[in-house]
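Visitor: I am new to this structure and would like a close look at a single part. Please start from one residue and work outward to what surrounds it.

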Amino acid sequence: MPIWKRNLIVCWFGTFVTSIGMSQIAPVLPLYIKHLGVDNTALVAQLAGVTFGITFIMSAIFSPIWGQAADRFGRKPMLLRASLGMAIIIGCMGFTHNVYELIALRTLQGVVTGFATACTALVATQTDEAHAGWALGTLSTGAITGSLLGPLVGGIIAEHFGLQNVFFMTGGLLFAAFILTALFVKENFVRSEKKVMNTKEVWRALPNKSFILTMFVTFFTLTLALYSVEPILTVYMQQLSMGASHIALLSGLAFSASGLASIIAAPRLGKLSDKIGAQRVIFVALIVAGIVFIPQAFVNHPWELIALRFILGLAVAGLNPSVNILIKKMTPPDFTGRVFGITNSAGYLGIFTGSVFGGQIAAWLGIQYVFFITSALLFVNAVWVYFKVYKKLNVKHQLVKEQTK
């Protein structure tokens, strides 16, 4: 097996379980806070919001820092640091005695993350151009699927094995990722002797700043769109199912549908990006995702929503790998880790913003408006991508073709 493919397999597993580790706490958090001695319902909701959100805020802050460390010391050391650190911290959450210890550990979890950033940089730099799109597309399914399946995994473990075992079992998976990374990931990394630039200097040195900024915004919008529905999905399922049982299972299936679609479609759309250009895949995927959000506001049965969520997963599967492909092409190798770190920060901010945004829109305007406004954001992003990236890259491609004739 080629080294790049072995790296990809290990990184996919590690990205998948770290994404689960970031999101698996969502369905069990209120129950665990009650277990830790908080009885007031309003206070439980307030503390749950802080405990869930603090990890993603800290991840957004520290992801570029770990990206810079990856450029300086190599990507594999960052993989080992992040996987072992998260394994220990998440495992310790099962031993907490009060909610403040839990918040402190969730804060530390956000600080030590960076596995996905290092994986993306490692796969992007260690894979040849011919396979880069497919490899990054495949890798992206680990992050997306882990994030979407995390709440379902957490709920199933809590129901069958107890709340504390959610943390112990997730920590065990992360430790397995650490062992696999140590044994099987290989990196040909040559440390640069140049002075390490700070973030401002890197930004000044980057070519195609407007392209890269558009990719940051696109990644932010994608994660916001995926997570805008998270706070209202269970409530929406209750409305659609007319009091039927297994609401949690149906909600989990709705999340899982998008993840399953991403597993199926992302590698194929990554290959398509290599053939026709990532800018075309991004533009079409944004439009399709924007269209698919609209009928979700008019469904009458849970299975209709689940089917539309599956179609949405097919569309958004093309966005993440295509964004990474364009960033790789636009970024000098010395800055790859830091730029991917900033991209992941945009994703973490999108998760946090989407969760807050969806809940507030549903509270003030109604659940249907979450789908309408999210759809509008995707269409606006598509227009921006068309003028800032799609048209410019197509013109450049035509000029290259004419010069080679």
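Guide: Setting aside residues up to four places away in sequence, F211 touches M330, K388, V389, K392 and L393. This is a predicted model, and the contacts are computed from it. F211 has its place in helix 10. Its relative accessibility is 6%, and because buried means under 20%, F211 counts as buried. Not every residue is a spatial partner of F211: K271 is 60 residues from F211 in sequence, and the two C-alpha atoms are 21 Å apart in space.

Two of the residues that F211 touches, V389 and L393, also appear among the contacts of L326. Apart from neighbours within four places in sequence, L326 is in contact with M215, A278, Q279, I282, V389 and L393. L326 also has a place in the largest nonpolar core, which has 117 residues. The members that touch the most other members there are I33, L79, I282, L326 and F371. Helix 10, the helix that holds F211, gives the most to this core, namely 10 residues. Residues of this core come from both domain 1 (1–185) and domain 2 (206–404), so the core lies between them.

That leads to the two domains themselves. The protein chain is divided into domain 1 (1–185) and domain 2 (206–404). Their C-alpha centres lie 21 Å apart. On the side of domain 1, 38 residues are in contact with 35 residues of domain 2.

Two residues with lower numbers can be set beside this picture. T120 is found in helix 6. With a relative accessible area of 10%, T120 is buried, since the limit for buried is under 20%. Leaving aside neighbours within four places in sequence, T120 is in contact with L136, L139, N324 and F340. E129 is found in helix 7. Its relative accessibility is 56%, and because exposed means over 50%, E129 counts as exposed. Along the chain, E129 and I325 are 196 residues apart, yet their C-alpha atoms are separated by 9.8 Å.

Helices 6, 7 and 10 come up again around an empty space inside the model, as each of them supplies at least two residues of the lining of the largest cavity. The structure holds one cavity of 30 Å³ or more. The volume of the largest cavity is about 480 Å³. It is lined by 33 residues, and those closest to its centre are S19, A116, A143, F219 and N344. The helices that each supply at least two lining residues are helix 1 (3–23), helix 6 (115–126), helix 7 (129–161), helix 10 (209–227), helix 15 (319–330) and helix 16 (336–364). Helix 7 provides the largest share of the lining, seven residues. By kind, the lining residues divide into 18 nonpolar, 15 polar and no charged. Domain 1 (1–185) and domain 2 (206–404) each contribute at least three residues to the lining.

To return to the starting point: F211 is a buried residue of helix 10. That helix gives the most residues to the largest nonpolar core, and helix 10 also supplies at least two residues of the lining of the largest cavity.

Key. Residues numbered from 1 in each chain as written. Predicted model: local features only at pLDDT ≥ 70, side-chain atom pairs only at ≥ 80, totals over all residues. Heavy atoms only, no water. 1 Å grid on protein atoms, 1.4 Å probe; cavity = no way out; pocket = protein on both sides within 12 Å on 5 of 7 lines; lining within 4 Å. Points joined across faces, edges and corners; volume = space filled by probe spheres on them. Helix = DSSP H or I, 4+ residues; strand = E, 2+ residues; numbered from the N terminus. Nonpolar A, V, L, I, M, F, W, Y, C, P; charged D, E, K, R; others polar. Domains from an automatic or database assignment. Core = buried A, V, L, I, M, F, W, Y, C linked by side-chain atoms within 4.5 Å. Buried < 20%, exposed > 50% of the residue type's maximum accessible area, 1.4 Å probe, protein only. Contact = heavy atoms within 4.5 Å.
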